[in-house]
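Hi everyone, thanks for coming. I'd like to walk you through one model today, so please have the viewer open and follow along.

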Amino acid sequence: MIPEQFTIAHIAEILKAKSFLPTPNSVIKMLLIDSRTIINAQITLFFAIAAQRDGHIFIADAYKNGIRNFVIADPTYAEKYPDANFLLVQDVIKALQNLAAHKRKLNDLKVIGITGSNGKTIVKEWLYQLLAADYNIVRSPKSFNSQIGVPLSVWQIEPEHTLGIFEAGISKSGEMQHLAEVINPTIGILTNVREAHAEGFANGIEKLKEKLLLFNNAELFIYSPEYVSGVNIDDLPGKNKFSWSLSSAADLKITFIEPIEGRSYIRAIYQNEEIECLIPFIDDAAVENGIICWATLLALGYTAKEADVRLEKLTQVSMRLELINGVDNCSIIDDSYSADISSLAIALDFLNLQNQHPKKTIILSDIYETGKSSEVLYREIAALLIQKNVNRLIGIGSNISSFADLFEMDKCFFERTQSFIEQLPAIHFVNETILIKGARKFEFERISKLLTQKIHDTVLEVNLNALTNNLQYYRSQLVTGVKLMVMVKAFSYGSGSFEIANVLQHQKVDYLAVAYADEGIALRKAGIKMPIMVMSPEPSAFDAMIKHQLEPEIYNLQILKSFLHFLPVDIQHYPIHLKIDTGMHRLGFEQDDVKELLPILNTDELKVMSIFTHLVASADQVHDEFTTQQLHSFDEIYKQIADFLTYKPIKHALNTSGISRWKNAQMDMVRLGIGLYGFDSALTSKNLQTVAVLKTTVTQIKVLKAGETVGYSRKGVMPQGGTIATVKIGYADGYNRAFGNGVGKMLINGKLAPTIGSICMDMCMLDVTGLNVKTGDEVIVFNNEQTIADLAKQINTIPYEILTNISQRVKRVYFYE
Ligand SMILES: *Cc1c(COP(=O)(O)O)cnc(C)c1O
């Protein structure tokens, strides 16, 4: 049995760690890897995990926020904090895994382990929906399936739980063995496998075999023969097996799938009988994941009839937190699908990093969490809300309402969602960020619909996780100590303003840069406090720039003189940046200007924060000699100015492709631009993730007879006739007219359809002859399959222009998973 609680001394023993324990009886209930997401410091153990940056550097921050228990690999930290407990181990991640594996061993419960290339999270969430009536379930939060996510998930197991559902994902060889020890599933599920190119592995078969290691001790293995071809049947794991297939013999042999009114009707042969079910989805991936769940229910012993009843009630799974513009100048964070404390903590972090409104409100339903009394649970939540700077709570549900006294903030409570909605006109929401967080049965999507502005059918979805990933990638490329400036000009290359800046500020980037003062002022008004450089400071905006502490790029003597002239006399050391022209011939001082420049800089009114130049062809090998020459002249001019000043300004030259190709020229800082948004012409590997996806919908389908034409000037001809789809995006949205007449293509249901006829202002037409397309279908203009680079190639431009052309009337939706 589990000991009542784990003390730090007990954990030291489990990890066989060398320990320094001034308070060996401290009880540990929570594990933490990110010093910014503390819930209850007193009972938390911090693991100094080295990700992109060494986790040890966050110990100071964690300590400051009350953490007194640490697992470390570098002993020097223990000496710095003599009143804290330290466990010294060789490998911090392994220690985290060992601790979780230990807890797993103590709990003898049924555990479903899920792995595969796609569908893990959906299958996990659906099994949770299907089995929650019969089990007390603990499961991975969101898609926690990594070397770190898995142990954090498994650590949640408590004696009350009767079923665990955990997902596991791997990215390189050797990883699954660790996860298998932590999860130790009794039932294994292999979802969709696509291993054609298995990065980090010798080949697809090797990767598949490694995935199967998860199930080595499983009693039951659920799989499709199609996904294990290449592995000998006798080598498949599991004492018992249950197979499903669309094409070959299997325990559950699917014989028929047909979409009917938005649902899929499926028939199969099972135990020599024909059985059927209805799954409330029609897209291929959902149907496949539904079949996997069907197979699982049958394999667990549910009757075909019972399985059908449950499958019909499956609901959409959204792991996303969406940030959307709301009514009355509010920002809405929509997380209306789940409510447990770990996902609440994640959502509150996202709420807390929003600075654009003075006030933060949460609309929160009853929280379901087993293994804790309601009082303890709501006490914890109340503390969490305070810690994450929530100003107002609107609680919905009888459970949370009965603990109203625990919450010390502006608050009100409602028994049911309906009563809240009826009262809505009397409740004021204005200029605030609102997190909507509710368990599924409270149907909070009704609330989010009422509070968000109607989203037009064309949206640019911006994935903030991908953006953070790209940021971390470039950080990992920097020499220690090199600072990072991020270019957020032109509405962050079309992706957004404060929404992106909030993330960058939270990630502790050193500088932001915008093109015009207006952009900088908008960021300041949205609460962005970090330094901001303005690249084209127009004299008419000097006043506002000084008021908002924006730092001008000074690029010639005239602008320097007029800025100095403008500066109020009582201001000292006002930060400016000097731009040096070494070959771009756009803006900047040249060698000949230096002589006149130096004496003017000899004033206490200004402080030269940085001196920089811009490379004209950092991506282009053909021009490497020119780049070298640019760097050389920059060195010279920098030296002349820095020698004259009595301090050393930050020196910088590299843009995105420069970071990737000119490692030796990082100097004191680099300026990251388009790489953050997922494109870098100097990178061939898959280090970057797609940040922006542009989507629209089909408004109408038309069938044309032979010889009929499409659009203005009869440009689109259909000699054989065919089917066309009208979609809601045109050149006024930023879909260039050059994409017309078949040059551009869009993805509908996974297939590419070319444009036909000219692009109109607000719409265009696609040739969808032979494709199964209907009104309302989603249409992808660009994503990770058809990229902005592909679009750029189609019309002979560059990805920068594709992104920045997307007009402001296209709604942006930001999400965070
Ligand atoms: C836009 C810009 C950058 C960033 O360029 P990317 O190619 O997008 O990385 C860097 N420096 C200056 C001066 C810029 O104007």
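**A walk through the model**

Let's begin with a hairpin: β15 and β16 make one, with two residues between them, and in that turn Q271 has a positive phi of about 50 degrees. The two strands, β15 (residues 263-270) and β16 (residues 273-279), run antiparallel and are joined by seven bridges. If you click on Y270, you'll find E273 of β16 standing opposite. Before we go further, please keep in mind that this is a predicted model.

Now let's step back to the domains. The chain is divided into domain 1 (6-94), domain 2 (107-311), domain 3 (321-454), domain 4 (465-677) and domain 5 (692-816). Between the C-alpha centres of domain 2 and domain 5 there are 37 Å. On the annotation side, an unreviewed UniProt entry lists residues 691-815 as "domain: Alanine racemase C-terminal". In the model, that span is 38% strand and 10% helix, and its end C-alpha atoms lie 10 Å apart.

Next, please scroll to the start of the chain. Here we have an open sheet of five strands with mixed pairing, in the order β2-β7-β6-β5-β4. At the edges sit β2 (18-20) and β4 (30-32), each of which pairs on one side only. On average, and ignoring direction, neighbouring strands of this sheet are turned by 20 degrees against each other. Inside the sheet, β5 (residues 44-47) pairs with β6 (residues 69-72) in the parallel sense, over two bridges. One residue to pick out there is F47, whose bridge partner in β6 is V71. A helix comes in as well: α4 (residues 92-106) lies across β4, β5 and β6, and runs at about 145 degrees to β5.

While we're here, let me zoom in on one residue of this sheet, N85. You'll find N85 in strand β7 (residues 85-88). Is N85 buried or exposed? Its relative accessibility is 0%, so N85 counts as buried. And what does N85 touch, not counting residues up to four places away in sequence? The list is I8, F20, L21, P22, T23, P24, S26, R68, N69 and F70. As for K16, which is 69 residues from N85 along the chain, the two C-alpha atoms are separated by 15 Å.

Let's move on to helix α8 (residues 204-212). Its buried residues are G204, K207, L208, E210, K211 and L212. You might pause at the two lysines and the glutamate in that list. What covers the buried residues of α8? The cover includes the strands β8 (110-115), β11 (187-190) and β12 (220-223), along with helix α7 (175-183).

Now for the nonpolar cores. The largest has 167 residues, and the members that touch the most others are I363, F420, I641 and F782. Helix α11 (residues 341-352) gives the most to this core, namely eight residues. There is also a second, separate core of 70 residues, and I137, L252, I254 and I275 are among its members.

Let me stay with F782 for a moment. Leaving aside neighbours within four places in sequence, F782 is in contact with L460, A692, V693, L694, T787, I788, L791, I802, L803 and I806.

That takes us to strand β39 (residues 778-782). Why do I call β39 largely enclosed by the rest of the structure? Because four of its five residues are buried. β39 runs antiparallel to β32 (residues 692-704), and four bridges join the two. Have a look at T697, which stands opposite E778 in β39. β39 also pairs with β36 (residues 745-748), again in the antiparallel sense, over two bridges. There, the bridge partner of I748 is V779 in β39.

Last stop: strand β35 (residues 722-727). Five of its six residues are buried, so β35 too is largely enclosed by the rest of the structure. β32 comes back here, since six bridges join it to β35 and the two run antiparallel. In that pairing I701 stands opposite A725 of β35. Then there is β38 (residues 764-767), which runs antiparallel to β35 and is joined to it by four bridges. The pair to click on is V727 with its bridge partner C764 in β38.

That's my tour, thanks for listening!

Technical notes: Residues are numbered from 1 along each chain as its sequence is written. This is a predicted model: local features need pLDDT of at least 70, side-chain atom pairs count only at pLDDT 80 or more; totals for chains, interfaces and linings use all residues. Side-chain values use heavy atoms; hydrogens and water are left out. Two strands pair if DSSP finds at least two bridges between them. Axes are lines fitted to C-alpha atoms, for helices over the stretch in contact, and angles run from 0 to 180 degrees between N-to-C directions. Contact means heavy atoms within 4.5 Å. UniProt positions are given in the numbering used here, feature names are shortened, and annotations may be inferred rather than shown by experiment. Domain bounds come from an automatic or database domain assignment. A nonpolar core is a set of buried Ala, Val, Leu, Ile, Met, Phe, Trp, Tyr and Cys residues joined through side-chain atoms within 4.5 Å. Buried means under 20% relative accessible area, exposed over 50%, partly exposed in between (1.4 Å probe, protein chains only).
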